[in-house]
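User: Hey, could you walk me through this one? I'd like to get a feel for the fold.
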There are 2 protein chains.
Amino acid sequence: MLVRKETFRVREFRLHCGVTLPEVAVGYESYGTLSPARDNAVLICHYFSGTSHAAGRYSPEEALPGYWDAVIGPGKPFDTTHCFVLSVDSLCNLNVKDPRVVTTGPATVNPATGTPYGMTFPPVAIRDFVEVQRLLLDALGIQRVVAVAGPSMGGLQALEWAIAYPERVARMLSVTSVASLGPWTLMMPGHAATEAIRLDPRWNGGDYYGKAEPTEGLVLALKIVSAIARCPAWADATYGRRPADPAAPPDSSPTGRFLIEAELDALARTRAALMDANHYLYLARANAAYEPGSGLFPVEEAFRRIRARCLLLPCRSDLFLPPTETVRLAAALERAGVTVTLAQLASDGGHLAGVLEIEKAADTLRAFLAR
Amino acid sequence: MLVRKETFRVREFRLHCGVTLPEVAVGYESYGTLSPARDNAVLICHYFSGTSHAAGRYSPEEALPGYWDAVIGPGKPFDTTHCFVLSVDSLCNLNVKDPRVVTTGPATVNPATGTPYGMTFPPVAIRDFVEVQRLLLDALGIQRVVAVAGPSMGGLQALEWAIAYPERVARMLSVTSVASLGPWTLMMPGHAATEAIRLDPRWNGGDYYGKAEPTEGLVLALKIVSAIARCPAWADATYGRRPADPAAPPDSSPTGRFLIEAELDALARTRAALMDANHYLYLARANAAYEPGSGLFPVEEAFRRIRARCLLLPCRSDLFLPPTETVRLAAALERAGVTVTLAQLASDGGHLAGVLEIEKAADTLRAFLAR
């Protein structure tokens, strides 16, 4: 499945915080064909460090397809022989240096000054991502979607969609996600990772464009997030306590490292090369602040608005957004009269299983989408 | 129970790494009276951020007693009407600026240069803490202890005691502890917290004595450790998603913080004021590198050396040193022919419950010590 990135632009976009941006631009991808009645659309919302590249490849040579390729495509649960699957880059997307990502955030040049916004960029909210997507659906003439789905931050967006536009969402699928970030998650990774960026002297209050960037702070933030997105069972099964260099084990050499440290470091550096530290701060803030209904309705009223049938799919080993909190969301939705299916992603891979092991839920997704 | 700190000095102390220090000094406290036969001693080993102040108060005015005061004292499980309870500061103790802590580490003046050792201090090992304690017992004429016990890093020391000196330990009590730090714990808090210190430009390769200290890096390290030492259930029950300042909630103000962030920050700053960043790095390394037997024996042989009856007491909500790993240690000890009692600290307080809620295990401790 070959895919390409399109760009969607909105002039005079009013953010949830009340500030109007002169223009926002986001990238999007689609898989499958929109039916003449425009009634076969599925919207996929990406996770915190993800992009709109949900499935397929940009060229046949590409090593890895989009992150949910295991469940999006011909004959797969999100079946592109029938469905038109759409995926949109968030505002303040982390991977702003990825040439295939289009986003608007602190790294964007402010037309009023000719220099990047930096920390003068107004705060963004999960609700804003939903609004950009809604405007794109409007532009494509799509009134109602078959489903809106996503893992982690994608699950927050899916939930907000079902609350904001109840008549436009037939099904809501929230994978490894919750109602809002719990207080432990606000500390870890939340607070700790953003403090790591601020600790880097190169962050410089967010004013680093055209200068040396706060790469080390961003790398530490990504390590914190990556570790919390995994779990002890995963770490035991993959790296154990093996040294990075058997000739310099951590017990005898001051520079000795464990293999898991070396791999965590290498992965974070690779990812940081495509990312922007200020975008991280803005996106983390949007996630931390999110409450169902975005403050426009009390939470219980927000839940009562939902008309979509909902599938909640926590992962049993998730430390980041613990399954106990997803169970609590399911109960709150049921109390509000929402039809909820609570299933489980049976994986020891931690939070990341919602992205990397989504094929384990293929039957569950298929059954839910068929109803 | 009024207590006072004593100092124990050892000349020409040979570390596990092979380097000999001209002198080490550590503080110690004792509670109760050593019997004429010197056969009623209990050794308490402290946790990572702890000190030898395990019980009692230095003056009647002091607000808080030592950390395990709930179980050490007259009529308590470690009953000082019968027992002589002893507790010793570790080398490279974190709280080197606490006037009641005596320790030797990077902040100590190197007699050869007249300036603090800094990162030229040789690496220390859990085994070294055991050796210092063993020399103190020798100096006090104590051949064998009724029990050696401790939470977390204290549990590692207790285990190493039972392996290193099987004939000198009647009972070993390992609370919220494991055989060695698992790979997930090596990442988080291990790697992430030490990287936070190194990220602070004031750390300066460990050369900061007499200059501005890397307080911000140390504060972030302590936040990471503190968060992992708690758990979601604790965070839900204590702070929830309440804002630090109801007038500036995190969803509307760029400076708005959640209460749990503000409290985490305040606690870390209070603790950091007594601590040294290099000591943190050395102590973290000693914990990460520890394997039962300290590399002097293969792990299985190390376990077979143990003659002590062992009590393992994991906490069900512990993310730092997960109970699953304690269960694995219990199984390995049993395979090695060791008599093991595996109980559980029933708390939602996370890893810290091994320190702050030890009274919940009072009956278990009492029963085990009576056998």
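**Sheet and helix in chain A**

Analyst: Sure. Four bridges join strand β3 (residues 41-44) of chain A to strand β6 (residues 84-88) of chain A, and the two run parallel. Keep in mind that this is a predicted model.

User: OK, and what is the bridge partner of A:Val42 in β6(A)?

Analyst: A:Val42 has A:Val85 as its bridge partner there.

User: Which sheet do they belong to, and in what order do its strands come?

Analyst: An open sheet of eight strands in chain A, ordered β1-β2-β6-β3-β7-β8-β9-β10, with mixed pairing. At the edges are β1 (6-14) and β10 (340-342) of chain A, each pairing on one side only. On average, neighbouring strands of this sheet are turned by 20 degrees against each other, ignoring direction.

User: Switching to α11(A): which residues are buried?

Analyst: Helix α11 (residues 362-370) of chain A buries A:Leu365, A:Phe368 and A:Leu369. They sit on the same side of α11(A) because they cover an arc of only 95 degrees around the axis.

User: What do those buried residues pack against?

Analyst: The buried residues of α11(A) pack against β7 (147-151), β8 (171-175), β9 (309-313) and β10 of chain A.

User: And which exposed residues are on the face turned away from the buried side?

Analyst: That face of α11(A) carries A:Asp363 and A:Ala370.

User: Last thing, what are the confidence scores?

Analyst: Chain A has a mean pLDDT of 97, and 100% of its residues reach 70 or more. For the model, ipTM is 0.97 and pTM is 0.98.

Definitions and conventions. Residues are numbered from 1 along each chain as its sequence is written. Chains are lettered from A and ligands numbered from 1 in the order in which they are written. This is a predicted model: local features need pLDDT of at least 70, side-chain atom pairs count only at pLDDT 80 or more; totals for chains, interfaces and linings use all residues. Two strands pair if DSSP finds at least two bridges between them. Axes are lines fitted to C-alpha atoms, for helices over the stretch in contact, and angles run from 0 to 180 degrees between N-to-C directions. A residue is buried if 20 or more other C-beta atoms lie within 10 Å of its own, exposed if 12 or fewer, and partly exposed in between; C-beta atoms are placed from the backbone. The arc is that of the directions from the helix axis to the C-beta atoms. Two residues are in contact if their C-beta atoms, placed from the backbone, lie within 7 Å. pLDDT is the predictor's confidence in each residue, from 0 to 100.
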